[in-house]
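Hello,

Here is the structure I promised to pass on. Please open it alongside this note; my findings follow below.

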Amino acid sequence: GGLLAHHRAARTCCLPDSRYARMDDPAFDVGGGVALITGANQGLGFELAKRIAHMPRVFKVVLACRNEQRANEAREKLQGLFADKSFEVVVMLVDTEDTTSCRDFGAKWTATVNAPVDLFLMNAGGMGGRDASDIMQPSGSTRIFAMNVLGHVEMFDALSRANMLSPKCKVVYVGSETAVGMGPFPKPDLRDADNIAAHISNTYNDPTGNTAIKWIGPGNMGQSGYGTCKAIAALYFSALARRHPSMKILTVSPGGTRGTNAHAKSGWFFGNLIPFMMVVFGVGHPLAKGAERLQYGFFVDEDPYVSGAFVASKAIAPPVGKCVDYRSFKKTENVFGDEKLQDAAYEAVRRFMR
């Protein structure tokens with residue numbers, strides 16, 4: 001009865017009654033015990049690390065971070081929260097912007113952990129600062145695309161080559177409603193593999209003069225290309241899910257969440273004023289609610305949290321409340337439900353792999 005009620009709640013709303021979100025609920029347990037989380041030292045990554053560490057069968061949580069000091073502080077905090085539980089917290093240094101190091105992640109994982117990944121949260125990324133669109137990576141992609149998408153793709157492939165992904169691995173990529181265009185983020189123009197590759201390499205120009213990854217607004221207000229990156233990623237991971245049918249792979253947006261680090265280095269307006277206004281005016285939901293969406297991505301197997309999905313807010317002003325699968329949602333299905341476009345994104349992204 002409890003599990004049925006839990007599933008019924010998942011179908012009707014992305015944030016069910018809190019009694020269904022108890023971290024010790026058997027419905028939220030996992031088949032294996034190794035979790036990998038990027039960007040895990042703060043915000044959503046650390047919040048989900050706490051939730052996963054609470055699972056009875058989880059015996060190892062790997063915090064994959066680029067800042068060693070902050071990662072070690074997060075490890076100590078996590079171990080302190082669960083001092084009575086027998087599990088290990090491991091720190092591994094990785095920067096998703098550095099795709100070369102991500103490409104070697106499988107070998108590093110084998111040497112450090114040597115156990116297949118059961119849960120993989122792809123959380124690292126963000127708007128990346130003003131130079132994120134100007135700095136090109138050795139792969140030929142922009143910095144903002146590397147840190148948000150390409151680094152995670154390389155990590156997945158590296159772990160796969162090393163046979164370090166569980167056959168039933170659950171992968172959640174952290175998405176965003178900016179992928180459909182909202183506020184200062186224009187609706188991405190995605191048509192085919194060549195067009196998508198042009199976005200990734202910042203060689204795309206549309207008739208309005210907006211390049212794929214161009215700073216917009218007065219001063220350092222925001223980055224239009226962040227939404228484009230998230231759109232390409234959602235399409236890519238839908239295609240990847242079809243290529244790995246035994247795994248669960250999906251994109252989940254935490255929604256308008258207060259307390260994340262997504263706006264870091266995004267100028268005064270996005271980096272300071274917007275997060276402040278979200279708190280003062282109560283716009284968006286707390287960090288715990290955003291993490292709960294990601295938790296559901298791992299542990300609920302009912303619509304919309306199914307493999308291949310792009311789960312995000314039905315409403316985007318603000319992006320909170322009920323979730324839908326953008327592949328079948330009327331306003332977005334023509335883009336995210338298009339398997340040919342998903343495959344085009346898959347092909348385009350892999351042109352930048354080495």
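By class, 8 nonpolar, 2 polar and 2 charged residues line the second largest pocket. This is a predicted model, so please read everything here as computed from it. The pocket's volume is about 160 Å³. Its lining includes Ala179, Val180, Lys187, Pro188 and Leu190. Ala231 and Lys331 also belong to the lining, as do Thr332, Asn334, Val335, Phe336 and Leu341. Helix H11 (residues 333-336) gives the most to this lining, with 3 residues.

Next, two helix pairs.

Leu341 turns up again in the first pair, on the H12 side of the contact with H7. The axes of H7 (residues 193-200) and H12 (residues 339-350) come within 8 Å and cross at roughly 50°. H7 and H12 are therefore oblique to each other. The crossing of H7 past H12 is right-handed. From H7, the contact uses Ala193, Ile196, Ala197 and Ile200. From H12, Leu341 is joined by Ala344, Ala345, Glu347, Ala348 and Val349. The residues of this contact divide into 9 nonpolar, no polar and 1 charged.

The other pair is H2 (residues 43-53) with H3 (residues 68-81). Their axes lie 10 Å apart, at an angle of about 35°. H2 also passes H3 in a right-handed crossing. On H2, the residues involved are Phe46, Ala49, Lys50 and Ala53. They meet Ala74, Lys77, Leu78 and Leu81 of H3. By class, that contact has 6 nonpolar, no polar and 2 charged residues.

Best wishes

How values were computed: Residues numbered from 1 in each chain as written. Predicted model: local features only at pLDDT ≥ 70, side-chain atom pairs only at ≥ 80, totals over all residues. Heavy atoms only, no water. 1 Å grid on protein atoms, 1.4 Å probe; cavity = no way out; pocket = protein on both sides within 12 Å on 5 of 7 lines; lining within 4 Å. Points joined across faces, edges and corners; volume = space filled by probe spheres on them. Helix = DSSP H or I, 4+ residues; strand = E, 2+ residues; numbered from the N terminus. Nonpolar A, V, L, I, M, F, W, Y, C, P; charged D, E, K, R; others polar. Axes fitted to C-alpha atoms, helices over the stretch in contact; angles between N-to-C directions. Parallel < 35°, antiparallel > 145°, perpendicular 65-115°, else oblique. Left-handed = near helix turned anticlockwise from the far one by under 90°. Contact = heavy atoms within 4.5 Å.
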